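This report describes selected local features of one protein chain. The sequence and the structure are shown first, and the description follows.

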Amino acid sequence: MTTTILKNAYLIDPTQEVKGWKDLEIIDGKVVKVCENINTINADKVYDLKGKLCVPGIIDTHVHLTLDGSNRGYYMLAKAGVTTALDMYGPPEKIYEHIHQYGTGINIACLAAQPQNTDNATHCDYDQHSIRKFIHSEMKRGALGIKLIGGHYPMSPELTKKFIQIANEEKAYIAFHVGTTNKGSNIEGFKEAIFLAEGNSFHVAHVNSYCRGQIQESIQEVQSAIELLSSNPHLVSESYLSRYNGTSGRCEKMIPISEVTSKCLIQNGFANTESGVENAIVAGIALVVANVGEINAFIENSEEALQYYRNKKGRVNLSFPINKIEAGLLLATAKNKAGDFIIPAISSDGGEIPRNVIIEKGIQMVKYGALTHEEFVLKTSVNPAKMLGLKNKGTLGIGFDADITVIDTAKEEPVMSMVMGEIIMHEGLVIGKKGRIITTDEGSDYVKMQNIDPYIVNIEDTLLYQRRNNK
Ligand SMILES: [Zn+2]
């Protein structure tokens, strides 16, 4: 039996209506007591958190760990105070391969990206049977479901519709970065996605990305996105707070392979070619993400950035400062008439992409008065836990998992985080190892075979399926 006591922190937990300077006692990974002046005489470990904010562990519902092969995302998330994350690309194997060496104790859930070579594919190329087979082969390997990445690698509208329909029938989690061969990664693509879904549910990935001012003024697109989400309550979404997007720098036959990269180039007045990418890098518009020690960061010097891009033959993550700050603010704060947030969560779309700013920007919003402390906790832990069907997380209630993030609000940065009572980051030092995989009954045996502890959820408990069933 291990007893840990956190002393003198400012605790905020809207699920238990807790707010104030209190102590918190943890035994064997669970919260057992929250009150003032807990006796520390029998504790194994005591941490004095005077002056710090203590909240249910940050759950990031949109991250990337597998895109650039750097495996730095685990470290970067732990450093950013995250305790649970949803990887939006997979495949799950890539995570199992690397979590032993690079994992930092964070709980990881994973969606598997649509099958390879589905870009520009039509329904003739994929029948119902092969879609079902794809979904279950990924879920048997531990994925919660699938991610459609039409924004980058579009499929035909008919095939997209089939994937959404079958994922719903098979009770798989499904997220969609909107876009098809017919409509792009923008507000028109979002409308088309709702139309194609025909009342089926999906998780609208990073709704900001469709409000970048491609079709109308950005603010009008934000208004449309908010109206679409309010009038389609069977959808769930998340929004981020960073100015920077994340996309691929890769080109084939001298043309960027990602539609998003192409759009960013064109929108900024560059040619949609490999030399267009290079010119955008030299101009400091396309930022190149590189490994710097334990983390990934933007290369500040544009000549160095170009050299790195060429050395890697374009296989790098690029970021364009294409997200409107006012759009991020409005999406994060929009509420319906009942006073509930229309977009349940603040996410990062970070991980290995250096934009893990949930705490930094979220606390700035609290200071500005755009969110209360309780709302910050709702959007970064309580609601994200519901989105993933995590009934024992997103709360500091008695008997629940001791997943906790401690924040220095003056510095706008996390100072400590723990998962099931184990410290994974303390004063900026990442000490967590490995981590659990959040999976379903269907995937748990496979996860165990990889010598990783599964953490089991029921897809029916996710906000996506709760909303679908309530329709
Ligand atoms: Zn993403």
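A residue counts as buried when its relative accessible area is under 20%, and as exposed when that area is over 50%. The model discussed here is predicted.

**Surroundings of D23**

D23 belongs to strand β2, which covers residues 18-27. Because its relative accessibility is 2%, D23 counts as buried. The side chain of D23 has a polar contact of 2.7 Å with the side chain of K7. A polar atom of the D23 side chain also lies 3.3 Å from the backbone nitrogen of N37. Leaving out residues up to four places away in sequence, D23 touches L6, K7, N8 and L11, together with K33, V34, C35, E36, N37 and I38. K7 and N37 thus appear both in this list of contacts and in the polar pairs formed by the D23 side chain.

**Surroundings of A327**

A327 is part of helix α10, residues 325-333. With 2% relative accessibility, A327 is likewise classed as buried. Apart from neighbours within four places in sequence, the residues in contact with A327 are C211, S218 and V222. Between A327 and G184 the C-alpha to C-alpha distance is 19 Å, with a separation of 143 residues in sequence.

**An open sheet of four strands**

Four antiparallel strands make up an open sheet, arranged in the order β13-β18-β16-β17. Strands β13 (247-248) and β17 (295-298) each have a single partner strand and stand at the edges, so one side of each has no neighbour in the sheet. Within the sheet, β16 (residues 287-292) pairs with β18 (residues 317-319) over two bridges, in the antiparallel sense. V288 is placed opposite L318 of β18.

**Packing of two helices**

How are helices α3 and α13 arranged relative to each other? Helix α3 (residues 128-140) packs against helix α13 (residues 441-449) at an angle of about 50 degrees, and the two axes are 7 Å apart. An angle of this kind makes α3 oblique to α13. From α3, the contact involves H136, M139 and K140, while α13 contributes E442, G443 and Y446. Sorted by class, the residues of this contact are two nonpolar, two polar and two charged.

**Backbone geometry in loops**

Most residues other than glycine have a negative phi, and most peptide bonds are trans. Against that background, three places in the loops are set out below.

| Site | Backbone value | Loop |
|---|---|---|
| G90 and P91 | cis peptide bond, omega about -5 degrees | P91: between β7 (82-87) and α2 (92-102) |
| M254 | phi near 70 degrees | between β14 (251-252) and β15 (255-256) |
| E412 | phi about 55 degrees | between β21 (404-408) and β22 (413-419) |

The peptide bond that joins G90 and P91 is cis, and P91 lies in the loop that precedes helix α2. M254 has a positive phi although this residue is not a glycine. Is M254 buried or exposed? The relative accessible area of M254 is 53%, and this residue is therefore exposed. E412, which is not a glycine either, also has a positive phi.

Methods. Residues are numbered from 1 along each chain as its sequence is written. This is a predicted model: local features need pLDDT of at least 70, side-chain atom pairs count only at pLDDT 80 or more; totals for chains, interfaces and linings use all residues. Side-chain values use heavy atoms; hydrogens and water are left out. Buried means under 20% relative accessible area, exposed over 50%, partly exposed in between (1.4 Å probe, protein chains only). A polar contact is a pair of N or O atoms within 3.5 Å; within protein, one must be able to donate a hydrogen and the other to accept it, and residues adjacent in sequence count only if both atoms are side-chain atoms. Contact means heavy atoms within 4.5 Å. Two strands pair if DSSP finds at least two bridges between them. Axes are lines fitted to C-alpha atoms, for helices over the stretch in contact, and angles run from 0 to 180 degrees between N-to-C directions. Angles under 35 degrees count as roughly parallel, over 145 as roughly antiparallel, 65 to 115 as roughly perpendicular and the rest as oblique. Ala, Val, Leu, Ile, Met, Phe, Trp, Tyr, Cys and Pro count as nonpolar, Asp, Glu, Lys and Arg as charged, and the others, Gly among them, as polar.
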